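Q: Can you walk me through this one? I'd like to start with the basics and then poke around.

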Amino acid sequence: MRRLKIEAHQSLEAIEKRYRSSQGGIERSQWPVIWLLASGHKSEAVAAVTGYSLDWIRKLAQRYNAQGTGGMGDQRHGNRGRTLSLSVYQQKQLKHILKEAAERGEVWSGVQVAAWMSERLKRRIYPQRGWEMLRRLGFRPKVGRPRHVKANAAEQSAYKKRSFTE
């Protein structure tokens with residue numbers, strides 16, 4: 001198997017210095033991989049020493065080769081996540097429909113919102129996504145706090161009067 005080639009963005013000594021001085025947990029685990037690969041070790045040996053899979057070691061080497069030192073470290077902060085299914089216009093349209101329904105006293109559930117979204121997008125939308133869209137648009141469940149079956153309102157009000165007034 002071919003050895004992974006590491007681009008000469010930095011000297012071997014500079015990579016080792018980065019490896020030994022890195023503070024963050026993610027960087028501390030990535031720089032040794034690059035250092036070992038730059039030192040000429042095979043990826044299988046690096047995998048055995050570090051405990052990472054060959055696939056991850058290859059991806060890390062590709063990222064270092066493409067981006068240099070900027071490719072090391074935690075890259076999750078740049079990941080904005082999946083884009084929303086509904087366009088801005090569709091979100092405004094749904095919010096308008098939900099507001100009108102609330103004024104009439106109707107309450108939409110996540111299942112109903114998912115069905116509405118499925119019609120517009122021409123694909124199946126799971127009820128969880130409908131509930132998430134309700135929350136994103138600012139709608140909250142309006143359900144009262146549950147009461148115990150054996151609760152006695154008179155005793156509770158008497159308790160409140162005794163315990164909170166002097």
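A: Happy to. One term before we begin: a helix here is a DSSP run of H or I covering at least four residues, and helices are numbered from the N terminus. Also, keep in mind that this is a predicted model.

Q: Okay. Where does Arg-63 lie, then?

A: Arg-63 sits in helix α4, which covers residues 54–67.

Q: Is Arg-63 buried or exposed, and what about a salt bridge?

A: Arg-63 is buried, and it has no salt bridge. The nearest side chain of opposite charge belongs to Asp-74, 7.5 Å away. A salt bridge needs the nitrogen and the carboxyl oxygen within 4 Å, so that pair does not count.

Q: What does Arg-63 touch?

A: Leaving out residues up to four places away in sequence, Arg-63 touches Gln-30, Trp-56, Gly-68, Gly-71, Met-72, Gly-73 and Gln-75.

Q: And Asp-74, which side chain does it meet in a salt bridge?

A: Arg-76. Their side chains meet at 2.9 Å, N to O. Arg-76 is exposed, with a relative accessible area of 60%. Asp-74 is partly exposed, at 33%.

Q: Why would side chains pair up like that at all?

A: Side chains of opposite charge can pair when their charged atoms come close.

Q: How many salt bridges are there?

A: The count comes to 7 salt bridges.

Q: Show me another. What does Arg-20 meet?

A: Arg-20 meets Glu-16 in a salt bridge, at 3.2 Å from N to O. Both residues are in helix α1, residues 12–21. They are 4 residues apart, so about one helical turn separates them.

Q: Are those two buried or exposed?

A: Arg-20 is exposed, with a relative accessible area of 56%. Glu-16 is partly exposed, at 27%.

Q: One more pair. Which residue does Arg-120 meet?

A: Glu-119. That salt bridge is 3.2 Å, N to O. Here Arg-120 is partly exposed, with a relative accessible area of 31%. Glu-119 counts as exposed, at 54%.

Q: New topic. How many helices and strands does the chain have?

A: The chain has 8 helices and 0 strands. Along the sequence the pattern reads α-α-α-α-α-α-α-α.

Q: Is the chain a compact globule or more spread out?

A: More spread out. The radius of gyration is 29 Å, while the globule rule gives 15 Å for 166 residues, so the chain is more spread out than a compact globule.

Q: What are its spans along the principal axes?

A: The C-alpha trace spans about 80 × 55 × 25 Å.

Q: How much of the chain is buried?

A: Buried residues make up 25% of the 166 residues. The accessible surface comes to about 12600 Å², and 51% of that belongs to carbon and sulfur atoms.

Q: What about contacts between residues many positions apart?

A: Take the contacts with a separation of 6 or more. Residues 24 or more positions apart account for 51% of them.

Q: Let's go inside. What is in the largest nonpolar core?

A: That core has 15 residues. Those with the most contacts inside it are Ile-34, Leu-37 and Tyr-64. The elements giving it two or more residues are α2 (25–38), α3 (43–50) and α4. The largest share, 6 residues, comes from α2.

Q: Why would nonpolar side chains gather?

A: In soluble globular proteins, nonpolar side chains tend to be buried together.

Q: Tell me about Ile-34. Where does it lie?

A: Ile-34 lies in helix α2. Ile-34 is buried, with a relative accessible area of 0%. Beyond its neighbours within four places in sequence, Ile-34 is in contact with Ile-6, Ile-15, Leu-60, Ala-61, Tyr-64 and Met-72.

Q: And which residues is Tyr-64 in contact with?

A: With the same kind of sequence neighbours left aside, Tyr-64 is in contact with Ile-6, Glu-7, His-9, Gln-10, Ile-15, Trp-31, Ile-34, Thr-69 and Met-72. Apart from the core just described lies another one, of 13 residues. Among them are Leu-94, Ala-114, Ile-125 and Leu-137.

Q: How many ångströms separate Ile-34 and Val-143?

A: Their C-alpha atoms are separated by 55 Å, and the two are 109 residues apart along the chain.

Notes:
Residues numbered from 1 in each chain as written. Predicted model: local features only at pLDDT ≥ 70, side-chain atom pairs only at ≥ 80, totals over all residues. Heavy atoms only, no water. Buried < 20%, exposed > 50% of the residue type's maximum accessible area, 1.4 Å probe, protein only. Lys, Arg positive; Asp, Glu negative; His and termini not counted. Contact = heavy atoms within 4.5 Å. Core = buried A, V, L, I, M, F, W, Y, C linked by side-chain atoms within 4.5 Å. Rg over C-alpha atoms; globule rule 2.2 N^0.38 Å. Areas by Shrake-Rupley, 256 points an atom, 1.4 Å probe, with all protein chains shown as cover.
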